[in-house]
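Reader: I would like to go through this model slowly, one question at a time. Could each term be explained where it comes up?

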Amino acid sequence: MYNKFRNYKWVIIIVSAIVAIVAAATAFFVIKEKKKKDDEQLEEYLDYSIQ
């Protein structure tokens, strides 16, 4: 019985680690896209303000 719970513990640990990695990667790419969009808007604003 102890061995059964031990196996579940490892499954939960592995699934939790995978979820954490996916969440971190998603946050990284969302922030990267937002920064890219902000930079494009700033560049567009500067182009129009110079003219």
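Author: Let us begin with a term: patches are made of residues with over 30% relative accessible area and no salt bridge, where like charges are joined within 9 Å and nonpolar side chains (Val, Leu, Ile, Met, Phe, Trp, Tyr) within 5 Å. Accessible areas come from the Shrake-Rupley method with a 1.4 Å probe, and for residues only the protein chains shown count as cover. The model is predicted, so that local features need pLDDT of at least 70 and side-chain atom pairs count only at pLDDT 80 or more, while totals for chains, interfaces and linings use all residues. Residues are numbered from 1 along each chain as its sequence is written, and side-chain values use heavy atoms, with hydrogens and water left out.

Reader: Which residues make the nonpolar surface patch of about 490 Å²?

Author: One member, Ile18, has its place in helix α1, residues 2-50, a helix being a DSSP run (H or I, at least four residues; strands are E, at least two) numbered from the N terminus. Ile18 counts as partly exposed because its relative accessibility is 49%, given that buried means under 20%, exposed over 50% and partly exposed in between (1.4 Å probe, protein chains only). The patch is made by Trp10, Ile13, Ile14, Ile18 and Val22.

Reader: What radius of gyration does the protein have?

Author: The C-alpha atoms fill a box of roughly 75 × 5 × 5 Å along the principal axes, and the protein has one helix and zero strands. The radius of gyration is taken over C-alpha atoms, and the globule rule is 2.2 Å times the number of residues to the power 0.38. Where a compact globule of 51 residues would have a value near 10 Å, the protein has 22 Å.

Reader: Is Lys34, the partner of Asp38 in a salt bridge, buried or exposed?

Author: A salt bridge is a side-chain nitrogen of Lys or Arg within 4 Å of a carboxyl oxygen of Asp or Glu, and the side chains of Asp38 and Lys34 meet in one at 3.3 Å, N to O. Both residues lie in helix α1, four residues apart, about one turn of the helix. Asp38 is partly exposed, with a relative accessible area of 34%. With a relative accessible area of 52%, Lys34 is exposed.

Reader: Which residue forms a salt bridge with Asp39?

Author: Asp39 counts as partly exposed at 38% relative accessibility, and its partner lies four residues away in helix α1. The closest N and O atoms are 3.5 Å apart, and the partner is Lys35.
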